Amino acid sequence: MSNIGTAPNPVRAAIVGSGPSGFYAAEALLASEQTVLVDMFERLPSPFGLVRSGVAPDHPKLKQPIRVYQQIAESPRFRFLGNVTVGRDLSVEELKGCYHVVVFACGAETDRTLGISGEHLAGSHAATEFVGWYNGHPDYRDLVFDLSHETAVVIGQGNVAVDVCRILCKTADELRHTDIAGYALEILAQSRIRDVYMIGRRGPAQAKFTHPELRELGELADCDPILAPHDLELNRASREELADRRNRAISKSYEVLQAFTARPAPTRHRRCHIQFLKSPTELKGEKKLERVVLARNRLEGEPSRQVACETGEVEELACGVLFRSIGYRGVAIPGVPFDDHRGVFPNQDGRIVDGQNVVPGLYVTGWIKRGPTGIIGTNREDSVATVNSLLADLPNLPAGPKTGADGLIALLQSRAVRVVSYADWQKIDAAEVRRGETAGKPREKFARVEEMLEVLGVCRT
Ligand SMILES: Cc1cc2nc3c(=O)[nH]c(=O)nc-3n(C[C@H](O)[C@H](O)[C@H](O)COP(=O)(O)OP(=O)(O)OC[C@H]3O[C@@H](n4cnc5c(N)ncnc54)[C@H](O)[C@@H]3O)c2cc1C
Ligand SMILES: NC(=O)c1ccc[n+]([C@@H]2O[C@H](COP(=O)([O-])OP(=O)(O)OC[C@H]3O[C@@H](n4cnc5c(N)ncnc54)[C@H](OP(=O)(O)O)[C@@H]3O)[C@@H](O)[C@H]2O)c1
């Protein structure tokens, strides 16, 4: 038998998920000295994960990595199998039967919860849902957001929270020529929200947002950022944190916040209030959200390890809608070990482990490997590291030839799964771009799977 990784016996690799980490894993596999054939499985008909359905519509430049992914997809050794959910349409065991190695790159698809009373009242949402909705993700297409109240609250101070605030604070004209979903733009255009509160449990030296994103909140057409100067007061440990050269990026955010406090009195129709040292402890309302109870905090602990502790002071803020933007969370796939506490697939250097034991042939990368942090580029080095572990393991894996997706097509057909190829996706992509042209948008996304399949001539059942 020929050695694995040669043309007669290529390494058959399955990648589950087509976001940045999946594409960077494919890139690293295809660039290796071994002969590798890559099949990428994606549960949606559309590729690119959060670059399509997370990155804000008014940040088109940040979607440019898609061009690199398009080049990777053009490799003759790459195959895209969209509209296939691993764990539902195909079991992990079935994948293992057809591939030498499986790399999970399935992201963090759900959200963390606050665990407070009233969290499930109507009007209380996860940022995950709102972001998916305005970005045309089919899972969130039919959600309803009531923007008829004047006050919205966003809990958390990461870049997702900033995205949510900015989308709520922008005028329809500022969003009209982006790839925001048309149905979302209609609702946002009628929004009566005037005050948006972005609330963090810790202080300005601990906020997770980055300065270019923060600065944009001061550049909106009809919204003023509001910040009380006393909110920027720092305790000794926070001053030390800011003075640490390793925290240069945080000091730049702090400078942006200082500049916000020095602005003239607000004159615009909307206001984005940035508040620190407050934690929601209860959401109140009869049938729907009416108020959020906020506990005032102080910071305790050494520099870079400060935690928020309640002071005993509380206040209530009337609001009609609240978004918790406190981080995403991975979802388990049957047949793969799952760390329920962290919401990731447990691993050592990208090798999936069950307890202390490595599970041969199973690997992980991206948000489902390290948790929901890091920008698009962070996933590149992460995927390279995982692929390095995989390539080092190859001599020890069973070397018999595998079929790859050829061994699964009949099975998927028997389960009535319409596999979407990369050529199919390109037709859907072109149709979206055409739909956007009349409205002066880069594209008008299809936000229902059936609509995407209709482009391919698949009739509704
Ligand atoms: C709202 C938001 C905005 C962001 N904006 C930016 C930004 O502007 N700039 C930046 O650099 N970074 C941004 N990020 C971070 C960036 O998006 C992430 O670092 C990156 O997308 C993580 O890549 P991933 O491949 O691990 O996961 P994802 O991008 O989530 O990709 C996972 C893919 O796996 C698929 N999948 C899941 N389960 C299955 C299954 N069972 N079977 C088959 N397929 C499956 C999903 O459909 C998805 O396509 C943003 C993140 C969020 C949440
Ligand atoms: N334009 C961009 O580049 C862009 C845009 C969007 C997202 N991203 C990236 O995507 C990643 C994810 O972003 P994210 O905003 O979801 O996560 P994040 O950066 O980790 O921010 C999460 C925020 O939630 C807070 N939080 C967590 N648990 C909380 C709780 N129980 N109560 C109150 N607050 C709580 C955190 O505060 P503590 O610090 O106190 O825990 C933090 O302020 C980040 O790496 C981000 O940079 C980038």
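## Exercises on helix packing

**Exercise 1.** Find what the buried residues of α11 pack against.

*Solution.* In this predicted model, the buried residues of α11 pack against two helices and two strands by label: α9 (211-216), α10 (236-243), β9 (223-226) and β10 (270-275). Now pick out the residues themselves: S251, S253, Y254, V256, L257 and F260 are the buried ones in α11. Next, check the helix's length. α11 covers residues 248-261, which is 14 residues. From first C-alpha to last it reaches 20 Å, close to the 20 Å expected at 1.5 Å a residue.

**Exercise 2.** Work out how α5 and α6 are oriented to each other, and which residues make the contact.

*Solution.* Start with the axes: those of α5 (residues 127-134) and α6 (residues 159-169) come within 11 Å and cross at roughly 55°. The two helices are therefore oblique to each other. As for handedness, α5 passes α6 in a left-handed crossing. On the α5 side, look for A127, F130, V131 and Y134; on the α6 side, V160, D163, V164, I167 and L168. Sort these residues and you get eight nonpolar, no polar and one charged.

**Exercise 3.** Now do the same for α5 and α8.

*Solution.* Here the axes come within 7 Å and cross at roughly 110°, with α8 spanning residues 182-189. That angle makes α5 roughly perpendicular to α8. The α5 residues in the contact are F130, W133 and Y134, and they meet Y183, A184, I187 and L188 of α8. Sorting once more gives seven nonpolar, no polar and no charged. Compare your lists: F130 and Y134 of α5 turn up in the contact with α6 and in the contact with α8.

Terms used
Residues numbered from 1 in each chain as written. Chains lettered and ligands numbered in written order. Predicted model: local features only at pLDDT ≥ 70, side-chain atom pairs only at ≥ 80, totals over all residues. Heavy atoms only, no water. Axes fitted to C-alpha atoms, helices over the stretch in contact; angles between N-to-C directions. Helix = DSSP H or I, 4+ residues; strand = E, 2+ residues; numbered from the N terminus. Parallel < 35°, antiparallel > 145°, perpendicular 65-115°, else oblique. Left-handed = near helix turned anticlockwise from the far one by under 90°. Contact = heavy atoms within 4.5 Å. Nonpolar A, V, L, I, M, F, W, Y, C, P; charged D, E, K, R; others polar. Expected span 1.5 Å × (residues − 1). Buried < 20%, exposed > 50% of the residue type's maximum accessible area, 1.4 Å probe, protein only.
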